[in-house]
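Student: Please take me through one serine side chain and its partner in detail. Then place it among other parts of the model.

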Amino acid sequence: MAPKPKEKAKASAVAIPAISIEDLFTSLNRHIQRSEYEQAVKVSDQILAAAPGDEDAIRCKVVALVKSDSIEEALVAIKDCSKKGSVDLSFFKAYCLYRQNKLEEALESLKGQEGSTESMLLESQILYRLGKMGTSVDIYQKLPKSTIDSLEINLVAGLVSAGRSSEVQGTLDSLRVKATSSFELAYNTACSLIEREKYKDAEQLLLSARRIGQEALMEENLADDDVEIELAPIAVQIAYVQQILGNTQEAVASYTDLVKRNLADESSLAVAVNNLIALKGPKDVSDGLRKLDKLIEKSDGPEKFQLARGLDLKLSQKQREAIYTNRVLLLLHSNKMDQARELVSALPGMFPGSLMPVLLQAAVHVRENKAAKAEEILGQYADKFPDRSKVILLARAQVAAAAGHPQIAADSLEKIPDIQHKPATVATIVSLKERAGDTDGADAVFDSAIKWWSNAMTEDNKLNTINAGGCCFQAQAWKERGGSTPL
């Protein structure tokens with residue numbers, strides 16, 4: 001009689017004992033402790049096959065996927081669980097969206113999670129990346145200090161990025177923490193000194209940060225190259241301070257060494273490349289463009305340009321804008337007008353609310369001998385955004401004066417209230433109106449200035465005011481700071 005394979009299989013299955021849920025959880029815990037996240041996911045699936053909807057297994061699976069950088073798979077798992085409605089995974093969803101830089105969606109997912117320390121930390125990080133530094137700092141300041149390791153590092157970074165560097169020392173005092181308690185905190189505090197233009201003090205603190213970092217990292221038995229990579233942001237910032245202090249040769253040598261040796265994280269290398277190009281200016285346009293082309297990628301998607309190697313997530317908005325700005329300027333110097341126009345047209349969408357895109361648009365038109373078009377663009381922007389029109393109007397005045405349009409230049413300067421009665425501004429407007437043949441207008445400007453100063457000066461301050469009147473009028477030049485952001 002032929003054998004019955006099904007019965008044999010059944011007998012064999014009975015012979016092998018099933019693994020208990022408790023044993024599976026023991027195995028899962030062991031894999032997590034050893035950072036064996038792929039195995040942890042597999043064991044989590046085994047548990048869920050035996051006990052569908054087990055909350056601990058679901059959370060362990062999601063966390064293991066996140067830890068293994070399988071963010072998309074984590075979101076799929078969260079979506080599947082959400083359909084069954086068994087576990088609230090909103091926080092994990094928010095974190096995954098944050099990792100994907102879907103920041104508005106991440107904030108939306110956090111709604112209803114307010115109050116817990118972990119959700120407050122995540123919210124502050126999302127807001128930081130969105131550029132809402134002040135709100136991010138406000139949340140950090142509400143966090144329970146005693147329960148969070150190294151809170152002061154992120155708090156100081158947030159204060160610096162929010163333009164509140166003057167509060168840093170008071171914050172450290174209230175936390176009873178010294179700036180030199182860690183190399184990260186020393187670095188961030190040095191950044192606050194840079195923002196306050198205390199460059200010498202910043203340089204000394206950065207040198208201390210490098211020394212503290214070397215000692216701390218060597219104690220962890222890191223290889224020399226790994227130590228250099230960890231401390232690269234400090235090296236870049238030291239070079240930046242040297243640049244600001246006028247030690248150009250030292251700065252160039254430092255940036256060049258960093259770029260050549262390639263012992264730095266991606267963001268530090270990008271800052272070093274950008275600052276090196278800014279220092280060299282138009283001296284070697286081709287080399288500068290080659291270096292920047294390695295940082296910028298062009299795509300066919302809705303966002304035509306993006307930075308390579310995830311730099312969009314690692315650099316601040318100011319740093320990203322500086323890189324694109326330098327590329328536009330180099331394209332103009334090399335007379336590559338088509339590429340310059342293409343990049344400039346994309347910048348307003350990439351940096352909404354920034355003045356730089358409109359200034360670069362005007363620069364392209366000037367380069368094409370279309371000064372009138374540049375004046376028109378700048379004038380329209382100034383009319384639309386009068387509260388941030390000062391630099392735009394100064395640029396318009398400069399363009400118009402160079403193009404032989406003195407009346408437009410004078411009109412632009414007259415629209416800037418806070419410089420109206422400065423002697424140099426008055427002299428410039430009078431000169432422009434005279435060149436335009438408007439002698440009555442020139443006289444009116446002069447008479448108005450005399451009247452204003454007569455009313456403004458008291459007997460006590462007349463001498464000082466008169467002696468301070470020897471400055472020269474200059475249209476402000478925009479130069480983007482390229483230093484590293486706080487860690």
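Tutor: The side chain of serine 136 reaches the backbone oxygen of serine 124, at 2.8 Å. This is a predicted model, so every distance here is computed from predicted coordinates. Serine 136 sits in helix H9, residues 133–142. Its relative accessibility is 0%, so serine 136 counts as buried; the cut-off for that class is under 20%. Leave aside residues up to four places away in sequence, and serine 136 touches Ser124, Leu127 and Tyr128. Ser124 thus appears twice: as a residue touched by serine 136 and as the owner of the backbone oxygen that the side chain of serine 136 reaches.

Now a second buried serine. Serine 268 belongs to helix H17, which spans 266–280. At 4% relative accessibility, serine 268 is classed as buried. Here the polar partner is a side chain: that of aspartate 265, at 2.7 Å. Beyond four places in sequence, serine 268 touches Ala232, Pro233 and Val236.

H17 leads on to the internal space. A search of the whole structure finds two cavities of 30 Å³ or more. The largest cavity holds about 60 Å³ of space. Its lining consists of Ile277, Lys280, Gly281, Asp284, Val285, Asp287, Gly288, Lys291 and Leu330. Two elements, helix H17 (266–280) and helix H18 (285–293), give two or more residues to that lining. H18 contributes the most, with four residues. By class, the lining has three nonpolar, two polar and four charged residues.

A third serine is a contrast in setting. Serine 35 lies in the loop between helix H2 (21–33) and helix H3 (37–50). Serine 35 counts as partly exposed because its relative accessibility is 45%. Its phi is positive, about 60 degrees, although serine 35 is not a glycine. Aspartate 69 also has a positive phi, near 65 degrees, and is a residue other than glycine. Aspartate 69 lies in the loop between H4 and helix H5 (71–84). At 54% relative accessibility, aspartate 69 counts as exposed.

That loop follows H4, so look at valine 66 next. Valine 66 is in helix H4, residues 55–67. Its relative accessibility is 11%, so valine 66 counts as buried. Which residues does valine 66 touch, not counting those up to four places away in sequence? They are Ile71, Ala74, Tyr95, Cys96 and Arg99. Arginine 99 is 33 residues from valine 66 along the chain, yet their C-alpha atoms are separated by 9.3 Å.

Helix H6, residues 90–99, also holds lysine 93. Lysine 93 has 39% relative accessibility, so this residue counts as partly exposed. Outside its neighbours within four places in sequence, lysine 93 is in contact with Leu75, Ile78 and Ser109. The C-alpha atoms of lysine 93 and alanine 74 are 8.2 Å apart, with the two positions 19 residues apart along the chain. Ala74 is also among the residues that valine 66 touches.

Further along, take helix H23, residues 371–384. H23 has 14 residues and reaches 20 Å from its first C-alpha to its last. That is close to the 20 Å expected at 1.5 Å a residue. Its buried residues are Ala371, Ala374, Glu375, Ile377, Leu378, Gly379, Tyr381 and Ala382. Among the elements covering them are helix H22 (356–367), helix H24 (390–402) and helix H25 (406–414).

Last, the whole chain. Its secondary structure comes to 28 helices and two strands. Of its 487 residues, 41% count as buried. Take the contacts with a separation of 6 or more: residues 24 or more positions apart account for 52% of them.

Back to the starting point. Serine 136 is a buried residue, at 0% relative accessibility, in helix H9, and its side chain reaches the backbone oxygen of serine 124. Serine 268 is also buried, at 4%, but the partner of its side chain is the side chain of aspartate 265.

Terms used:
Residues are numbered from 1 along each chain as its sequence is written. This is a predicted model: local features need pLDDT of at least 70, side-chain atom pairs count only at pLDDT 80 or more; totals for chains, interfaces and linings use all residues. Side-chain values use heavy atoms; hydrogens and water are left out. On a 1 Å grid over the protein atoms alone, a cavity is a set of points where a 1.4 Å probe fits but cannot get out, and a pocket is an open set with protein on both sides within 12 Å along at least five of seven lines; lining residues have an atom within 4 Å of a point. Grid points are joined across faces, edges and corners, and a volume is the space filled by probe spheres set on the points. Ala, Val, Leu, Ile, Met, Phe, Trp, Tyr, Cys and Pro count as nonpolar, Asp, Glu, Lys and Arg as charged, and the others, Gly among them, as polar. Buried means under 20% relative accessible area, exposed over 50%, partly exposed in between (1.4 Å probe, protein chains only). Contact means heavy atoms within 4.5 Å. A polar contact is a pair of N or O atoms within 3.5 Å; within protein, one must be able to donate a hydrogen and the other to accept it, and residues adjacent in sequence count only if both atoms are side-chain atoms. The expected span of a helix is 1.5 Å times one less than its number of residues.
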